[in-house]
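Subject: Handing over the model

Hi there,

Here is the structure I promised to pass on to you. Please have it open while you read, and my notes on what turned up follow just below.

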Amino acid sequence: MRAPALKAILLQLHSVAGLVLAAVLVVVALTGAVMSFEDEIRGALDAGRVQLAPHAASRMSLDALLAKLQAGGDPVASITMPRSATSAAEVRFARKPDHTRPAPLYVDPYSGDSLGHPAADAFFATVRKLHRWLLLPGDGNGYGRTLTGIAALGLLAMLLTGLVLRWPHRPGSIKVWLKPHWQLRGRGLHRSLHAVIGTWVLLLYLTMTLTGLWWSFDWYKTAATWLLARSPVTAQRPHRPAGPEAPSAAVSLDRVWATLVAERGDRFEAARLTLPSGRDGTVRVRAWLTDARDGAHDELRIDGRTGQILSSDLYADKTIGEKVLARVLDIHRGSIFGWPGQLLFMLAAAAMPLFGVTGVLLYLSRRRHKRMQRAALGKTG
């Protein structure tokens with residue numbers, strides 16, 4: 001197949017995919033831009049709630065805190081406890097029979113008193129659902145997840161076909177690749193902006209797309225895990241029992257916390273203890289290694305009745321591929337590169353409407369040009 005014919009096919013594929021998926025991609029991109037600095041925004045809004053005055057007294061025991069929270073009527077799903085003595089604990093509640101979930105709550109770990117709900121929690125929860133599932137029924141189990149996944153695959157196809165279509169005659173010239181032709185007007189300017197700014201964000205969009213597919217398709221997650229991770233038996237470090245078995249004992253978060261501190265010492269900044277959902281008494285623990293609450297964390301499963309560590313997945317023991325999997329979200333939003341990365345990813349996401357607008361204008365321009373050509377051929381014929 002000759003190069004002109006191949007480019008015509010690729011242009012058709014690029015155009016059709018863009019026209020069909022433009023609205024979904026713009027929604028996903030703009031909501032992603034809104035969430036780029038979610039942690040920083042929420043941290044600033046919640047500073048008055050989560051920062052406590054220094055206390056001379058000791059914190060309540062986790063078991064006493066849990067009992068006080070459970071007395072409120074809503075079953076507790078998890079408690080996130082910071083190591084800092086001047087930070088509030090965060091409580092998340094289990095889903096109700098109607099599948100709704102009460103809003104998270106900040107509590108004073110010294111008294112167990114409520115400090116209020118996280119600011120903007122409902123707003124960001126809605127934006128996240130729009131970003132991932134387009135607010136369609138079923139959330140992660142509905143067809144909205146599939147639609148955003150298809151849109152991500154379509155964007156991947158557009159990025160690759162767009163790169164081929166704009167490959168210049170002088171590929172070694174940085175100016176040709178990266179400088180828009182601002183002196184042009186109309187169709188020429190639209191094409192220049194579409195192609196050149198598309199080149200600016202190409203690697204960022206590739207990163208967003210390849211990581212975003214992690215949440216869209218189970219087969220993609222399975223394949224990525226198979227490719228980058230070791231088998232669970234190899235990745236997890238075995239442990240000896242921390243104490244005598246007591247299968248009839250009640251689950252104790254204090255026992256779990258003591259085991260965590262004995263195992264990890266001061267090598268974590270905060271830990272989320274997720275209560276058992278069944279009868280096995282296993283408490284899932286996520287211990288963050290930094291205040292940023294990013295993907296650098298340890299995962300442990302601890303028997304809440306005995307304090308025995310059933311399994312651990314430590315960040316320090318991970319391979320490079322496993323660290324990539326652990327930080328998919330940080331890579332997806334650019335936070336793995338610090339705030340400059342977050343800013344670049346946010347600006348790139350916010351630029352998506354530009355490609356939708358210029359793409360539609362170029363498509364209409366090509367249609368108009370073809371009609372004029374057919375009209376001219378009809379007159380000369």
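A good place to start is the hairpin of β7 and β8, which has five residues between the strands and in which G307 takes a positive phi near 85 degrees. Strands here are DSSP runs of E with at least two residues, helices are runs of H or I with at least four, and both are numbered from the N terminus.

Before going further, some housekeeping. This is a predicted model, in which local features need pLDDT of at least 70 and side-chain atom pairs count only at pLDDT 80 or more, while totals for chains, interfaces and linings use all residues. Residues are numbered from 1 along each chain as its sequence is written, and side-chain values use heavy atoms, with hydrogens and water left out.

The strands

Two strands count as paired if DSSP finds at least two bridges between them. β7 and strand β8 (residues 309-313) run antiparallel and are joined by four bridges. On its other listed pairing, β7 is joined to β6 by seven bridges, again antiparallel. β5 and β6 are antiparallel too, with five bridges between them.

You can follow a path across these strands residue by residue. T274 has R284 in β6 as its bridge partner, R284 stands opposite R301 in β7, and R301 is partnered in β8 by S311. Beside R284 in sequence, V285 stands opposite L300 in β7. As background, in a regular strand the side chains alternate between the two faces of the sheet.

How covered are these strands? Buried means under 20% relative accessible area, exposed means over 50%, and partly exposed is in between (1.4 Å probe, protein chains only). Five of the seven residues of β6 are buried, so β6 is largely enclosed by the rest of the structure. β7 is mostly covered as well, with five of its seven residues buried.

The cores

A nonpolar core is a set of buried Ala, Val, Leu, Ile, Met, Phe, Trp, Tyr and Cys residues joined through side-chain atoms within 4.5 Å. The largest one has 26 residues, and I79, L253, W257, L260, A271, L273 and V285 have the most contacts inside it. Elements that each supply at least two residues of this core include α4 (62-70), β1 (76-82), α12, β5, β6 (282-288) and β7 (297-303). Another core lies apart from it and has 23 residues, among them L25, L155, M158 and F355.

A271 is worth a click. Contact means heavy atoms within 4.5 Å, and, not counting residues up to four places away in sequence, A271 touches I79, T80, M81, W257, L260, V285, R286, A287 and W288.

The aromatic rings

Rings of Phe, Tyr and Trp (its six-membered ring) pair if their centres lie within 6.5 Å; planes under 30 degrees apart count as stacked, over 60 as edge-to-face and the rest as tilted. The whole structure holds seven aromatic pairs. In one of them, the ring centres of W257 and F268 are 5.8 Å apart and the planes are at 75 degrees, so the pair is edge-to-face. This pair links distant parts of the chain, 11 residues apart: W257 is in helix α12 (residues 253-264) and F268 is in the loop between α12 and β5 (270-274). W257 is buried at 18% relative accessible area, and F268 is buried at 1%.

The rings of F337 and F345 have centres 6.5 Å apart and planes at 35 degrees, so they form a tilted pair. F337 is exposed at 56%, whereas F345 is buried at 4%. Ring pairs also link F217, W219 and Y220 into a cluster.

F268 has a further partner: R83 lies over its face, at 4.5 Å from the ring centre. A charge sits over a ring if NZ of Lys or CZ of Arg is within 6 Å of the ring centre and within 35 degrees of the ring normal.

Two helix residues

H131 is found in helix α5 (residues 121-133) and is buried at 14% relative accessibility. Leaving aside neighbours within four places in sequence, H131 is in contact with V28, T31, G32, M35, T148 and H332.

V34 belongs to helix α1 (residues 3-35) and is partly exposed at 38%. Outside the four places either side in sequence, V34 touches F123, F124 and V127.

Happy exploring, and all the best!
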